Amino acid sequence: MMGNILTGGIACGKSTVANLLKLEGFGVIDADSISHKILDENSLLIASHFGDSILQDSKINRAALGKIIFNDSNQKELLESILHPLIYERISKECSILESKNKPYFIDIPLYFESKYNYKARFVVCVYASKEIQLQRLMIRNNLSKDEALKRVESQIDIELKRQKSDFVIENVSDLKTLQKNVESFLKEFYKAYQLNFK
């Protein structure tokens with residue numbers, strides 16, 4: 001498995017960038033989407049650890065589970081110990097499929113730097129927004145108080161550190177048009193580094 005990693009902080013705009021990359025012909029493996037599927041596939045196992053209050057119509061109520069794990073780091077670690085091996089296995093399978101097709105791709109994985117798993121990366125690309133912007137977006141998007149939003153932002157490695165550790169940075173601090181231009185600029189640099197030419 002040797003994908004390119006797309007990462008960043010919560011509410012930095014990774015999904016929007018992932019969609020723009022798809023339009024450019026890249027495959028995108030969405031770790032969040034995979035984790036949601038695995039969460040639902042293992043709902044009874046997870047409820048046995050966190051209680052039936054997190055279930056809604058036999059599926060995980062992610063808001064209810066979020067309240068538990070973002071208020072207790074031990075509970076968060078427990079959930080990760082259950083989910084992360086399964087997520088890693090599923091992502092590895094999807095990488096193998098894309099590699100067998102010789103299709104260039106990105107793994108959209110928000111917690112790349114936090115993960116204990118060795119996702120081998122050719123290049124790491126960070127979608128960046130300042131902490132203040134993260135908080136504003138998260139409060140609006142998820143209808144959270146500032147305190148709730150702060151807990152979620154601070155449950156991840158600081159965005160400035162992620163920025164420093166990445167090979168490329170795509171800034172998302174303004175509007176969609178600016179982001180599209182930033183993605184275009186990134187791709188010019190990326191192609192040079194990757195020595196890839198595909199239509």
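# Briefing: a parallel sheet and its helices

Six of the eight residues of strand 6 are buried, so strand 6 is largely enclosed by the rest of the structure. The model is a predicted one. Strand 6 belongs to an open sheet of five strands, ordered 2-5-1-6-7, with parallel pairing. Helix 5, covering residues 73-100, is treated separately below.

**The sheet**

- Five strands make up the open sheet, and their pairing is parallel. Strand 2 and strand 7 (168-171) are at the edges with a single partner strand each, so one side of each has no neighbour in the sheet. On average, neighbouring strands are turned by 25 degrees against each other, direction ignored.
- Strands of a sheet pair through backbone hydrogen bonds, in either a parallel or an antiparallel way.

**Strand 1 and its partners**

- Strand 1 spans residues 3-8 and strand 6 spans residues 121-128. The two pair in the parallel sense over five bridges.
- Gly3 has Ala121 of strand 6 as its bridge partner. Ile5 is opposite Val124 in strand 6. Thr7 faces Cys126, also in strand 6.
- With strand 5, strand 1 pairs in the parallel sense over three bridges. Here Ile5 stands opposite Ile107 of strand 5.
- Six of the six residues of strand 1 are buried, so strand 1 is largely enclosed by the rest of the structure.
- In a regular strand, side chains alternate between the two faces of the sheet.

**Strand 6 to strand 7**

- Four bridges join strand 6 and strand 7 in the parallel sense. Within this pair, Tyr128 stands opposite Glu171 of strand 7.

**Helices on the sheet**

- Helix 1 (residues 14-23) packs on the sheet. Helix 1 touches strand 1, strand 2, strand 5, strand 6 and strand 7. The direction of helix 1 makes about 145 degrees with that of strand 1.
- Helix 9 (residues 176-194) lies across strand 1, strand 5, strand 6 and strand 7. Helix 9 runs at about 165 degrees to strand 7.

**Helix 5: length, bend and ends**

- How far apart are the end C-alpha atoms of helix 5? They are 39 Å apart. At 1.5 Å a residue, the 28 residues of helix 5 should span 40 Å, so the two values agree.
- Helix 5 bends by about 35 degrees at Leu83. A proline, Pro85, follows within four residues.
- At the start of helix 5, a side-chain oxygen of Asp72 comes to within 2.9 Å of the backbone nitrogen of Asn74.
- Asn102 follows helix 5 and has a positive phi, near 55 degrees.

**Helix 5: buried face and cover**

- Which residues of helix 5 are buried? They are Lys76, Leu79, Glu80, Ile82, Leu83, His84, Ile87, Ile91, Ser92, Cys95 and Leu98. Leu83 is thus on the buried list and is also the site of the bend.
- An α-helix has 3.6 residues a turn, so residues three or four places apart point the same way.
- The cover over the buried residues of helix 5 includes strand 2 (27-30) and strand 5 (105-108). The cover also includes helix 2 (31-41), helix 3 (43-50) and helix 4 (62-69).
- Ser96 is in helix 5. Ser96 has a relative accessible area of 45%, so Ser96 counts as partly exposed. Ser96 and Gly3 are 93 residues apart in sequence, yet 9.8 Å apart in space, C-alpha to C-alpha.

**Two further buried residues**

- Gln134 sits in helix 6 (residues 131-142). Is Gln134 buried or exposed? Gln134 is buried, because its relative accessible area is 2%, under the 20% cut-off.
- Leaving aside neighbours within four places in sequence, Gln134 contacts Gly9, Ile10, Ala11, Cys12, Ala129, Val153 and Ile159.
- Gly66 has its place in helix 4. At 5% relative accessibility, Gly66 counts as buried. The C-alpha atoms of Gly66 and Asn182 are separated by 32 Å, and these residues are 116 residues apart along the chain.

Methods. Residues numbered from 1 in each chain as written. Predicted model: local features only at pLDDT ≥ 70, side-chain atom pairs only at ≥ 80, totals over all residues. Heavy atoms only, no water. Expected span 1.5 Å × (residues − 1). Bend = angle between axes of the 7 residues up to and from the residue. Buried < 20%, exposed > 50% of the residue type's maximum accessible area, 1.4 Å probe, protein only. Contact = heavy atoms within 4.5 Å. Polar contact = N/O pair within 3.5 Å; in protein donor to acceptor, adjacent residues only side chain to side chain. Pairing = 2+ DSSP bridges. Axes fitted to C-alpha atoms, helices over the stretch in contact; angles between N-to-C directions.
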